[in-house]
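Biologist: Could you take me through one part of this model slowly? I would like a close look at the cavity and at the pieces of the fold around it.

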Amino acid sequence: MTEAPPLVALRGASFAYEEGPPVLTGLDFAVREGRALALLGRNGSGKTTLMRLLSGGLRPREGELTVEGRPVRYDRKGLTRLRTTVQLVVQDPDDQLFAASVGQDVSFGPLNLGLPDAEVRARVAEALAALDISALADRPTHLLSYGQRKRTAIAGAVAMRPRVLILDEPTAGLDPDGQERLLATLDRLREGGTTVVMATHDVDLALRWADDAALLTPSGARTGPAADLLARTDLLAAAGLRLPWGVAVGQLLRARGLLGDADDGPRTPEELAALSAAHPTDR
């Protein structure tokens with residue numbers, strides 16, 4: 001049985017900004033449908049450039065971008081098709097919000113698709129509900145809190161009903177409660193069929209949340225199951241990252257015989273507490 005092509009992929013992609021050195025060279029990168037993917041790497045590794053290439057904001061100097069195995073065309077029709085498949089939400093919501101109210105901002109993308117008014121209203125209502133901000137529909141965007149602005153920016157992307165949602169550091173600047181609420185929202189979007197890619201510096205978050213991880217290193221991108229890849233100290237060092245807390249704790253538990261070699265280690269303090277309760281030790 002032939003394996004289906006990745007939902008979105010870059011093949012042999014290279015890119016350099018004008019009069020600058022290459023940022024990415026000969027990069028192969030794929031987003032598989034239904035897999036939560038964490039994108040990690042040091043500052044300057046090319047994460048932002050990669051996300052903009054995947055969403056059509058930049059065009060590779062060499063190589064190609066494909067959607068379900070078909071090369072993307074960078075004319076109006078091709079880019080419209082791409083942007084109904086892939087949406088990027090940048091790190092700073094103030095770079096993305098510009099309309100007077102939340103509802104107007106969320107409606108911008110669907111209106112640009114030329115959809116009927118009833119369809120636009122339905123998509124806006126659906127996106128606001130998905131991000132739990134329906135009550136803010138008429139709120140001026142300049143009166144929103146930082147967390148509300150983040151959710152509004154994501155709602156604008158969700159209103160396009162993309163199959164792939166790419167988020168640049170979505171939890172940055174949020175307090176712990178805001179982070180948990182956002183992660184719960186992303187889980188609901190995934191359950192609804194949206195494939196989510198998250199760029200982050202937080203290896204603990206990546207281990208906890210992602211199915212797969214992609215590490216950007218000077219030699220290229222390495223992608224694989226998050227638990228396996230984030231235990232590779234050589235790749236983490238090349239990517240300028242530390243070992244995740246959960247991996248380090250899992251290694252300690254295995255060394256003390258409290259966890260089998262094939263058992264998954266804890267990803268959160270709650271999972272560690274559950275393991276400790278299951279393996280009490282004499283004091």
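Modeller: Happy to; here is a walk from the cavity outward to the helices and sheets.

Please keep in mind that this is a predicted model. The structure holds 1 cavity of 30 Å³ or more, and the volume of the largest cavity is about 60 Å³. A general picture helps here: rolling a probe the size of a water molecule over the atoms shows where empty space is left.

Which residues line the largest cavity? One run in the lining is Val 89, Val 90, Gln 91, Asp 92 and Pro 93. Lys 150, Ala 153 and Ile 154 also belong to the lining, as do Leu 167, Asp 168, Glu 169 and Pro 170. Sorted by class, this lining has 7 nonpolar residues, 4 charged ones and 1 polar one. Helix 5 and strand 7 (164-168) each supply at least two of the lining residues, and helix 5 gives the most, with 3 residues.

Let us follow helix 5 away from the cavity. Helix 5 (residues 146-158) packs with helix 6 (residues 176-191) at an angle of about 10°, and their axes are 12 Å apart. Because angles under 35 degrees count as roughly parallel, helix 5 and helix 6 are roughly parallel to each other. On the side of helix 5, the contact is made by Arg 151, Ile 154 and Val 158; helix 6 brings Arg 181, Leu 182, Thr 185 and Leu 189. The residues of this contact divide into 4 nonpolar, 2 charged and 1 polar. Notice Ile 154, which is listed both in the cavity lining and in the contact with helix 6.

Now for strand 7, the other element named above. Strand 7 belongs to an open sheet of 6 strands with the order 6-7-8-3-9-10 and mixed pairing. The edge strands are strand 6 (86-89) and strand 10 (220-225), each pairing on one side only. From one strand to the next, the twist averages 15°. At the strand 10 edge, strand 9 (residues 212-217) and strand 10 pair in the antiparallel sense over 6 bridges, and Ala 213 has Gly 224 of strand 10 as its bridge partner.

To place this in the wider fold, there is also an open sheet of 4 strands, in the order 2-1-4-5, with antiparallel pairing. Its edge strands are strand 2 (22-31) and strand 5 (70-71). Strand 4 (residues 62-67) pairs with strand 5 over 2 bridges, and Val 67 has Arg 70 as its bridge partner in strand 5. Helix 1 (residues 47-55) lies across strand 1 (8-16), strand 2 and strand 4, running at about 55° to strand 2.

Methods
Residues numbered from 1 in each chain as written. Predicted model: local features only at pLDDT ≥ 70, side-chain atom pairs only at ≥ 80, totals over all residues. Heavy atoms only, no water. Axes fitted to C-alpha atoms, helices over the stretch in contact; angles between N-to-C directions. Parallel < 35°, antiparallel > 145°, perpendicular 65-115°, else oblique. Contact = heavy atoms within 4.5 Å. Nonpolar A, V, L, I, M, F, W, Y, C, P; charged D, E, K, R; others polar. 1 Å grid on protein atoms, 1.4 Å probe; cavity = no way out; pocket = protein on both sides within 12 Å on 5 of 7 lines; lining within 4 Å. Points joined across faces, edges and corners; volume = space filled by probe spheres on them. Pairing = 2+ DSSP bridges.
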